[in-house]
Amino acid sequence: MVTMKTSEDGRRFITMVHKLCQSIRDCPVPVICRAEGYALGAGLEVAAACDLRIAADNAHFGMPEVNVGVPSVVEAALLPRLIGWAARRACC
């Protein structure tokens with residue numbers, strides 16, 4: 001994201017993340033996320049798009065960009081259904 005200089009760069013990035021997540025959801029076979037280490041921002045959204053998530057003990061999930069006013073991409077809307085409303089505040 002450091003290389004993004006214009007709003008169009010951001011729009012292009014968000015579009016690519018959305019297309020990736022949509023492709024994962026449209027895949028005719030189950031897609032499994034294996035998370036190890038940090039899954040932040042778009043990484044969390046890609047994990048949320050998968051059918052199953054398996055996390056190592058050192059896995060950390062979050063959307064730190066929202067703390068500085070950068071909105072999450074559309075796929076963040078999947079999170080309440082996956083983790084519930086109460087857990088949402090604890091993880092992000």
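## Terms and overall make-up

Helices here are DSSP runs of H or I with at least four residues, numbered from the N terminus. On that basis, R12 and E8 are four residues apart in helix α1 and are separated by about one helical turn. The model is predicted.

The protein has four helices and four strands. Read from the N terminus, the elements follow the order α-β-β-α-β-β-α-α.

## Burial, surface and contacts

Of the 92 residues in the protein, 28% are buried. The accessible surface amounts to about 6400 Å², and carbon and sulfur atoms account for 61% of that area.

Contacts between residues at least 6 apart in sequence include a share of 38% that join residues at least 24 apart.

## Salt bridges in helix α1

Four salt bridges are present in the structure. Among them is the pair R11 and E8, whose side chains meet at 3.0 Å, N to O. Both residues belong to helix α1, which spans residues 7-26. R11 and E8 are three residues apart, about one turn of the helix.

E8 also pairs with R12, in a salt bridge of 3.9 Å, N to O. This pair counts as a salt bridge because the cut-off between a side-chain nitrogen of Lys or Arg and a carboxyl oxygen of Asp or Glu is 4 Å.

R12 forms a further salt bridge with D9, where the closest N and O atoms are 2.8 Å apart. R12 and D9 lie three residues apart in helix α1, again about one turn of the helix.

## The linked network

Side chains of opposite charge can pair when their charged atoms come close. In this model, a network of salt bridges links E8, D9, R11 and R12. Within the network, E8 is bridged to R11 and to R12, while R12 is bridged to D9 as well.

## Exposure of the network residues

How exposed are the two arginines, R11 and R12? R11 has a relative accessible area of 48% and is partly exposed. R12, at 44%, is partly exposed too.

On the acidic side, E8 is partly exposed, with a relative accessible area of 38%. D9 has a value of 21%. D9 is classed as partly exposed rather than buried because buried means under 20% relative accessible area.

Methods:
Residues numbered from 1 in each chain as written. Predicted model: local features only at pLDDT ≥ 70, side-chain atom pairs only at ≥ 80, totals over all residues. Heavy atoms only, no water. Helix = DSSP H or I, 4+ residues; strand = E, 2+ residues; numbered from the N terminus. Buried < 20%, exposed > 50% of the residue type's maximum accessible area, 1.4 Å probe, protein only. Contact = heavy atoms within 4.5 Å. Areas by Shrake-Rupley, 256 points an atom, 1.4 Å probe, with all protein chains shown as cover.
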